[in-house]
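Please walk through this structure strand by strand, then look at how its charged side chains are placed.

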Amino acid sequence: MTNRFRRTLCLGAASLLVMPAAIAEEGDAPWSMADEVFGEEAMRHSRDHLRHSHGSMNTFYVQAERFELQAFDDEDVLLLDGNAWYGGDINKLWLKTELEYLPDESDLEEAEVQLLWSRAVSPYFDIQTGIRQDFEPRGRTHFVAGFQGLAPYLFELDGAAFVSTDGDLTARVESEYELLLTQRLILQPRAELELSAQEIPELETGSGVTSLSAGLRLRYEIKREFAPYVGVEWQKAFGDTADFAKAAGEESEAVAFVIGVRAWH
């Protein structure tokens, strides 16, 4: 979600958290002053419509956050990082997905889907809980508990802890920022950190900080809803995770050129 769109939603939610207290009573002025002119019955429909459109109305949003080709020295990766939600200002149902496909091998390397219930706990942050299903590299189910929101200085944060049905505890934290070079040309730094409470040999994952990826993407918004971009992505594995990668003949550190598109509706 763009910072501008999220900021608009947050400011709207902040006003809605305050408004019901001020207009809770039908007879309170100035909420009911039009009754003296048009009558209470005539204004009841207008008040119900206003409540619905300013807090009670459910909306839908879908976004391809990153749909891109990452070109490494030894292979290409096609990545889809998308999300969608349905709900109101306070409660939403979220769907998040991340897929990694290897075009050269015609193989799906990673695939996960999260179904989350999200509740606003402040004008700027939601808490989220639900389930995550991994399809690749191994079929696994996780319980999810996390947060998502807009930190001071407009940094977007998304963090979650995952407990698998095997009892493994992992976590992931993502952060993004948008620097508007012009009204349409936007530079976006992004970082993602992954952690694990224990070693998971079947997933070639060590304990502690397992990996870090950081990148810069420069996009041009042809429309607000559609923006192609180019960029660079740096990825590095740490500790035992790096050792697992080397044992499998893979690099523990890599840089990729990125080209993709970001879209929302």
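Two strands are taken to pair if DSSP finds at least two bridges between them. The model shown here is predicted. By the pairing criterion, β11 and β12 are partners: they run antiparallel and are joined by nine bridges. One position to look for in this pairing is Ser 211, whose bridge partner in β12 is Ala 237. The connection from β11 to β12 is a hairpin of five residues.

On to the next pairing. Strands β12 and β13 also run antiparallel, with eleven bridges joining them. Here Val 232 stands opposite Phe 257 in β13. In a regular strand the side chains alternate between the two faces of the sheet.

The charged side chains add a further set of contacts. Glu 253 and Lys 236 meet through their side chains in a salt bridge, at 3.6 Å from N to O. Glu 253 belongs to strand β13 (residues 253-264) and Lys 236 to strand β12 (residues 226-237), so this salt bridge ties together parts that lie 17 residues apart in sequence. Glu 253 has a relative accessibility of 41% and therefore counts as partly exposed. Lys 236 is partly exposed because its relative accessible area is 24%, and the buried class ends under 20%.

A second pair reaches further back along the chain. Glu 202 forms a salt bridge with Arg 140, and their closest N and O atoms are 2.8 Å apart. This pair links distant parts of the chain, 62 residues apart: Glu 202 sits in the loop between β10 (185-196) and β11 (208-220), while Arg 140 is in strand β6 (residues 140-151). Are the two ends of this pair buried, partly exposed or exposed? Arg 140 counts as buried because its relative accessibility is 5%. Glu 202, with a relative accessible area of 39%, is partly exposed.

Another salt bridge joins Arg 219 and Glu 221, with the closest N and O atoms 3.5 Å apart. In this pair Arg 219 is buried, and Glu 221 is buried as well.

Salt bridges also connect into a network. Its members are Glu 112, Arg 132, Asp 134, Arg 172, Glu 174, Glu 176, Arg 190, Glu 192 and Glu 194. How many salt bridges does the model contain by the rule used here? The count comes to 23.

Methods. Residues numbered from 1 in each chain as written. Predicted model: local features only at pLDDT ≥ 70, side-chain atom pairs only at ≥ 80, totals over all residues. Heavy atoms only, no water. Salt bridge = Lys/Arg side-chain N within 4 Å of Asp/Glu carboxyl O. Helix = DSSP H or I, 4+ residues; strand = E, 2+ residues; numbered from the N terminus. Buried < 20%, exposed > 50% of the residue type's maximum accessible area, 1.4 Å probe, protein only.
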